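I set out to record what I looked up in this structure, entry by entry. The topics are aromatic rings, charges over rings and backbone geometry.

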Amino acid sequence: GEVTGIEAADQIRAQFGTPVVLLAASVDEVTLEWGQKAEPVDCLLIPVEVKELNATIKKALYRHQVVQKLQENERWLRTALNSIGDAVITTDIDGRVNFMNPAAESLTGWPEVEATGNQLDAIVTFIDEETETLIDSPSRWVLESGSSIAIGKRPVLFSRNGKKIAIAGDAAPLKDDNLQIRGVVLTLRDVTPQRENEVKLREFAEQLQTQNEELDGFAHTVAHDLQNPLSNLVAMADAVRIYHPSMDPEELEMYWGRLVQNGLKMATIVDSLLLLAGIRRRENLELSVLDMVKIVSEVLQHLSAAITEANAAVYLPESWPAAVGYAPWVEEIWSNYLSNAIKYGGESPVIRLGADVVDSETISFWVEDNGIGLTEEEQAQLFVPFTKLSQVHTKGTGLGLSIVRRIVERLNGTVGVTSVGPGQGSRFFFTLPSAGLPRPLDGV
């Protein structure tokens, strides 16, 4: 009929995969064109000798078996590579991609059909997580050295969509039976969960270290700061028990006053310890825009007796920038800073409060005094847990500034102090997230 031998060969190969030997009367351009289309194993010119035909058929069958085996191996290898969880990319001797498994497609964001033929460096780019510097092409190094290489210490892959993915992997040479390099195989795996776990473990270790330091500090406070007022309280209570019949009213009143004073001091220490522990434990804080006018006013009212006793002058700014925080804790910060300013401000402390807008996201609040100032060594030790200044009139427990630091850190801020030097006064500050434009002090 109308079907030619070439077309019949096409259908036979397509339907059954049977090898074909073409027999042609002549070799011309048409025959060659169709013969190439039919992908013949061989082509013989008519007339054909039986011996030659026999040999050609055997050769065709042998070649067919070899091709089938190679195709089967290729299918098996591709299936295996497509099934593994690691991303696998291979290149030719020129560094052009010729295979990507589905894991590689997912990791890089490149479909194999689009990546094939492109240089590997155009498909995958790596940077070092710690230094954020570009990692040299692993494929180029492998092709030049003939050796395998790990891809950096802590590599990060840039995917096609710009996503950064923590990976681990290596590059190795692909060699033939003669040990000649024919390309590179790149094996990658996403280690983002492991990296995240590493971060969590470090954070957990830091938390444990902090908690251990706090426990040591608690033990120190209980052993030393509580021991002194407790010993005094017991001694004076015992003295009153024994000698109260012979004491005159004024002496007895003095003892009662000291008993109360030591009891209050112990209660203050315990309250401070509980506050510090509560700051660490409390989660899901409800932050809001702070009414700094109200907060500072309540602190000044609370400290009014101390301010009067020290003959201190306190000056407030005309306005406060609006900040975000947790009002009870911010009140504790102001209370600590102002108490220190009153204690260390000299005979008649002059204390100024203020705030500066650092940038669109941060506000710095501060308390400035005219006291004797601080040395660099003292400044470095101020916010270390359970330390206090060496001035003789210091009566604190050493917990105040540690509490301030912990509060501010929980509120995503920082603490610090600036002091020119002895005799120049000090400025203690803390930062909080900004909430917008400054608000007036309503005439205060």
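The entries below follow the order in which I looked things up.

**Entry 1: aromatic pairs.** I note at the outset that this is a predicted model. I searched the whole structure for aromatic pairs, and the search returned eight. I looked at Trp 334 and Phe 365, whose ring centres are 6.2 Å apart with 80 degrees between the planes. I recorded this pair as edge-to-face, because an angle over 60 degrees falls in that class. I then placed both residues: Trp 334 belongs to helix α13 (residues 327–344) and Phe 365 to strand β14 (residues 362–368). The pair therefore ties together parts that are 31 residues apart in sequence. I also checked accessibility: Trp 334 is buried at a relative accessible area of 0%, and Phe 365 is buried with a value of 0%.

**Entry 2: a second pair on helix α13.** I turned to Tyr 337 and Phe 430, with ring centres 6.0 Å apart and planes at 55 degrees, so I entered the pair as tilted. Tyr 337 lies in helix α13 and Phe 430 in strand β16 (residues 427–440), and this pair links distant parts of the chain, 93 residues apart. I found Tyr 337 buried at 2% relative accessibility and Phe 430 buried at 0%.

**Entry 3: the cluster.** I asked which residues form one aromatic cluster with Trp 334 and Tyr 337. The other members are Trp 320, Phe 365, Phe 428 and Phe 430.

**Entry 4: charges over rings.** I looked up two arginine residues, Arg 352 and Arg 427. Arg 352 lies over the face of Tyr 315, at 4.8 Å from the ring centre. For Arg 427, the charged end sits over the ring of Trp 366, 3.7 Å from its centre.

**Entry 5: a cis peptide bond.** I noted that the peptide bond joining Ile 46 and Pro 47 is cis, with omega about 0 degrees. I located Pro 47 in the loop between β2 (42–45) and α3 (50–83).

**Entry 6: positive phi.** I recorded Leu 179, which is not a glycine, with a positive phi of about 65 degrees. Leu 179 lies in the loop between β8 (164–175) and β9 (181–190), and I found this residue exposed at 64% relative accessibility. I also recorded Asn 412, where phi is positive and near 65 degrees. Asn 412 is in the loop between α15 (400–410) and β15 (415–418), and I found Asn 412 exposed, with a relative accessible area of 64%.

Definitions and conventions. Residues numbered from 1 in each chain as written. Predicted model: local features only at pLDDT ≥ 70, side-chain atom pairs only at ≥ 80, totals over all residues. Heavy atoms only, no water. Phe/Tyr/Trp six-rings, centres within 6.5 Å; stacked < 30°, edge-to-face > 60°. Helix = DSSP H or I, 4+ residues; strand = E, 2+ residues; numbered from the N terminus. Buried < 20%, exposed > 50% of the residue type's maximum accessible area, 1.4 Å probe, protein only. Lys NZ or Arg CZ within 6 Å of the ring centre and 35° of its normal.
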